[in-house]
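Visitor: I should like to learn how the features of a ligand site are read from a model. Please take me through one case.

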Amino acid sequence: MTVRLSFASLIALALTTLPLHAEGDPEAGEKAFKKCRACHTVADGDRVIFKGGKAGPNLYGLIGRPAAGTDFRYSSAMQALGETGFVWDAENFTEFMQDPVGFVKTTLDDNGARTRMTQKLKAEDAADVAAWLASVGPAPTESGS
Ligand code: HEC
């Protein structure tokens, strides 16, 4: 399983820089992602990795990309987050997922900021989903933009 090994090492590489939590498990992350399928697809152009709904943005390559970084029609709150230069990594994703609405308010320091993304995950599941998204995304050496 050389493929799996190289995914694992990419994730390990991505996570070694993060002080806050243990490495996520990509396989568990793919399962946990079922909670997202109603609204999120993961697709690299025509290559669909996880087929879901389109009510939310494509999450392919999320880890390493700026907030509101696709052509999806984001809320002004999510766009404002992107304009601060915010880039998704496993750490801030895990924090965001525990309370997306609160996270955006706090990060923007704006109580009126309203993201339309409301689905929560427990920290452990979020770390797993981050690991899975990183494992199916472009290599971390490509600079997220
Ligand atoms: C009911 C629909 C819905 C569900 C379910 C949902 N999302 Fe979302 N998500 C959205 C919408 C809509 C946005 C855009 C939010 C905005 O513009 O404020 C979004 C945005 C996001 C973003 C920011 C993306 C970016 O490009 O910056 C992330 C990360 C995210 N969702 C992760 C998840 C994860 C992980 C799950 C599953 C645990 C999930 N979402 C479940 C609707 C959903």
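The dialogue below turns to the metal site and the surroundings of the ligand.

Guide: This is a predicted model, in which local features need pLDDT of at least 70, side-chain atom pairs count only at pLDDT 80 or more, and totals for chains, interfaces and linings use all residues. Residues are numbered from 1 along each chain as its sequence is written, and side-chain values use heavy atoms, with hydrogens and water left out.

Visitor: Which residues coordinate the iron atom of the ligand?

Guide: Donors are N, O and S atoms within 2.8 Å of the metal (3.2 Å for Na, K and Ca). Here His40 (NE2) and Met117 (SD) coordinate the iron atom at 2.0 to 2.2 Å. These two residues are 77 residues apart, histidine 40 in the loop between H2 and S1 and methionine 117 in the loop between H5 and H6; helices (H or I, at least four residues) and strands (E, at least two) are DSSP runs.

Visitor: Are histidine 40 and methionine 117 buried or exposed?

Guide: Buried means under 20% relative accessible area, with a 1.4 Å probe and protein chains only. Histidine 40 is buried at 9%, and methionine 117 is buried at 19%.

Visitor: Which polar contacts does the ligand make?

Guide: A polar contact is a pair of N or O atoms within 3.5 Å. A polar side-chain atom of serine 75 lies 2.5 Å from a ligand oxygen. For the side chain of tryptophan 88 the distance from an N or O atom to a ligand oxygen is 2.9 Å, and a backbone N or O atom of arginine 116 is 2.9 Å from a ligand oxygen.

Methods:
Buried means under 20% relative accessible area, exposed over 50%, partly exposed in between (1.4 Å probe, protein chains only). A polar contact is a pair of N or O atoms within 3.5 Å; within protein, one must be able to donate a hydrogen and the other to accept it, and residues adjacent in sequence count only if both atoms are side-chain atoms.
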